[in-house]
Amino acid sequence: MSRMTAEEIRAIKSELNAMIEGTEIQTAGWMPGSNWGGTVYQPIYEKAARRDYSASARCFGLMVWEVFMERPERWSSGRFEKNGEPIGSRTYFRIQ
C-alpha cells in the first residue's frame, strides 16, 4: 500500500464502506468484481502489487479487513463453503 497515494487509499476505503453500508454479510472476493480496470481498485493491481494478480488479491483482502475493523458496527469473519466448495476469501458478517 505504500506505493499508493493517500487519495487512492481513501477512494478504495470509501467505495468499500459504501458497499458494506446497510448489509449484514459480505464476502471479500466477491466485492470488487473481476475487472478492476477503470475502478478505484486499479492502483492496488498496478501500483501496490506491481501487476501481480495474487499479490493484488492479498492486498485487497487486507484492505477489506482494515475497513471492517474501522467500522462502528461489530463484525466477525470466517472461511466458508458454497455448494460444498471452499470460498477463496473471507466472509464477513455482522454480529450483535
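Is Arg50 buried or exposed? I began my notebook with this residue, and I noted that Arg50 counts as exposed, at 59% relative accessibility. The model I am reading is a predicted one, and I keep that in mind for each entry below.

**Entry on backbone angles**

I looked up where Arg50 sits, and I found it in the loop between helix 2 and helix 3 (53-70). Its backbone caught my attention, since Arg50 has a positive phi of about 50° although it is not a glycine. I then turned to Asn83, another residue other than glycine with a positive phi, in this case near 55°. Asn83 belongs to the loop between strand 3 (81-82) and strand 4 (85-86), and with a relative accessible area of 74% I wrote Asn83 down as exposed.

**Entry on salt bridges**

How many salt bridges does the count come to? I noted eight salt bridges, and I followed some of them through the chain. As background I wrote that side chains of opposite charge can pair when their charged atoms come close.

I started with Arg10 and Glu7, whose side chains meet in a salt bridge with an N to O distance of 3.2 Å. Arg10 and Glu7 are separated by about one helical turn, because they are three residues apart in helix 1 (residues 6-20). I also looked up the accessibility of Glu7, which is 48%, so Glu7 counts as partly exposed.

I next took the pair of Glu8 and Lys47, whose side chains meet in a salt bridge at 2.8 Å, N to O. This pair links distant parts of the chain, since Glu8 is in helix 1 and Lys47 is in helix 2 (residues 42-48), 39 residues apart. I wondered about the surroundings of both partners, and I wrote that Glu8 counts as buried because its relative accessibility is 18%, which lies under the 20% limit for that word. Lys47, in turn, is partly exposed, with a relative accessible area of 34%.

I then recorded that Glu46 forms a salt bridge with Arg51, with the closest N and O atoms 3.5 Å apart. Here I found Glu46 to be partly exposed at 34% relative accessibility, whereas Arg51 counts as exposed at 53%. I closed this entry with Lys13, Glu66 and Glu70, which are linked in a network of salt bridges.

**Entry on strand pairing**

Which residue in strand 5 is the bridge partner of Ile25? I traced the bridge from Ile25 and arrived at Phe93 in strand 5. Strand 1 (residues 25-27) and strand 5 (residues 91-94) pair in the antiparallel sense, and I noted three bridges over this pairing. I then looked at strand 2 (residues 75-78), which is joined to strand 5 by four bridges, and these two strands also run antiparallel. In that pairing I found Ser76 standing opposite Phe93 in strand 5, so I had met Phe93 in both pairings, with Ile25 and with Ser76.**Entry on aromatic rings**

How many aromatic pairs does the structure hold? I noted six aromatic pairs, and I chose one of them for a longer look. The rings of Trp36 and Phe60 have their centres 5.6 Å apart and their planes at 50°, so I recorded this pair as tilted. Trp36 lies in the loop between strand 1 and helix 2, while Phe60 lies in helix 3, so the pair ties together parts that are 24 residues apart in sequence.

I checked the accessibility of both rings, and I found that Trp36 is buried, with a relative accessible area of 14%, and that Phe60 is buried as well, with 4%. I also wrote down that Trp36 and Phe60 form one aromatic cluster together with Tyr41.

**Entry on the nonpolar core**

Which residues have the most contacts inside the largest nonpolar core? I listed Leu16, Ile44, Phe60 and Val64, in a core that has 19 residues. Helix 1, helix 2 and helix 3 each supply at least two residues of this core, and the largest share, six residues, comes from helix 3.

For my last look I picked Val64 and asked what it touches. Leaving aside residues up to four places away in sequence, I found that Val64 touches Leu16, Ala28, Met31 and Tyr92.

Note on methods. Residues are numbered from 1 along each chain as its sequence is written. This is a predicted model: local features need pLDDT of at least 70, side-chain atom pairs count only at pLDDT 80 or more; totals for chains, interfaces and linings use all residues. Side-chain values use heavy atoms; hydrogens and water are left out. A salt bridge is a side-chain nitrogen of Lys or Arg within 4 Å of a carboxyl oxygen of Asp or Glu. Buried means under 20% relative accessible area, exposed over 50%, partly exposed in between (1.4 Å probe, protein chains only). Two strands pair if DSSP finds at least two bridges between them. Rings of Phe, Tyr and Trp (its six-membered ring) pair if their centres lie within 6.5 Å; planes under 30 degrees apart count as stacked, over 60 as edge-to-face and the rest as tilted. A nonpolar core is a set of buried Ala, Val, Leu, Ile, Met, Phe, Trp, Tyr and Cys residues joined through side-chain atoms within 4.5 Å. Contact means heavy atoms within 4.5 Å.
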